[in-house]
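Work through the exercises below with the structure in view. Each task is followed by a solution in steps.

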Amino acid sequence: MKLKQKSSWISHSEMMKKVIKDSIKSWLIENGPITKRISAKEDFELNLIRDEIGEVDEIEKRYLGKSIGDIKVREVILLGNKIPKVYAKSLIPVKTIEKGFSKLGNLGNMPLGDILFEKDIFNKIDVMYSSFSHKSKIFWGRKTKYSVKNLPFSVMEIFLIDK
């Protein structure tokens, strides 16, 4: 699935004005693990697409901060009852893995939310929102910047829900 970003990243207040459907807003403002939300009503599954040191564009590097070094790119699809619900892309600098929290470097098929919301060492720094398209459908997503021991990483989630 190739998703194309349709709009610039916007703030929470701008998103609340632009997103009409409450069902979509509820995913965008979800504070807990998305994996738990899916598994509460459906059979949850995680498909690992990519988990390796990779190239990151300049906008993503700037979002993480200056002199960030090599970045591990992790892409997954979260499914509920075999239906894709969320595309997620995490950008985790190697420095954050080595000096912040080593488990970020070897998640494998484990959802990031399994540790992100269970440890008190992670701080949410920023959340931004954007729309994306695939074929004729429009989806909304969010990008969240976190830190662990003052070292950054980000998680982008696109909610594959259009109702």
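**Exercise 1.** In this predicted model, find what share of the contacts between residues at least 6 apart in sequence join residues at least 24 apart.

Solution. Take the contacts in the chain between residues at least 6 apart in sequence; 60% of them join residues at least 24 apart.

**Exercise 2.** List the elements of the chain in order, then judge its compactness from the radius of gyration.

Solution. Step one: the chain has six helices and seven strands. From the N terminus on, they run β-α-α-α-β-α-β-β-α-α-β-β-β. Step two: the radius of gyration is 15 Å, close to the 15 Å that the globule rule gives for 163 residues, so the chain is as compact as a globular protein of that length. Step three: along the principal axes, the C-alpha atoms fill a box of roughly 40 × 35 × 30 Å. Of the 163 residues, 48% count as buried.

**Exercise 3.** Determine where the buried residues of helix α3 lie around its axis.

Solution. Step one: helix α3 covers residues 34-41, and its buried residues, those under 20% relative accessible area, are I34, T35 and I38. Step two: seen down the axis of α3, these residues fall within an arc of 100°, so they line one face of the helix. Step three: A40 and K41, on the other side of α3, are exposed.

**Exercise 4.** Describe the largest pocket by its volume and its lining.

Solution. Step one: the largest pocket holds about 520 Å³ of space. Step two: 19 residues line this pocket, and L3, E60, Y87, K89 and M156 lie nearest its centre. Step three: α4 (58-64), β3 (71-80), β4 (83-93) and β7 (151-159) each give two or more residues to the lining. Step four: by class, the lining has eleven nonpolar, two polar and six charged residues.

Technical notes. Residues are numbered from 1 along each chain as its sequence is written. This is a predicted model: local features need pLDDT of at least 70, side-chain atom pairs count only at pLDDT 80 or more; totals for chains, interfaces and linings use all residues. Side-chain values use heavy atoms; hydrogens and water are left out. Buried means under 20% relative accessible area, exposed over 50%, partly exposed in between (1.4 Å probe, protein chains only). Helices (H or I, at least four residues) and strands (E, at least two) are DSSP runs, numbered from the N terminus. The arc is that of the directions from the helix axis to the C-beta atoms. On a 1 Å grid over the protein atoms alone, a cavity is a set of points where a 1.4 Å probe fits but cannot get out, and a pocket is an open set with protein on both sides within 12 Å along at least five of seven lines; lining residues have an atom within 4 Å of a point. Grid points are joined across faces, edges and corners, and a volume is the space filled by probe spheres set on the points. Ala, Val, Leu, Ile, Met, Phe, Trp, Tyr, Cys and Pro count as nonpolar, Asp, Glu, Lys and Arg as charged, and the others, Gly among them, as polar. The radius of gyration is taken over C-alpha atoms; the globule rule is 2.2 Å times the number of residues to the power 0.38. Contact means heavy atoms within 4.5 Å.
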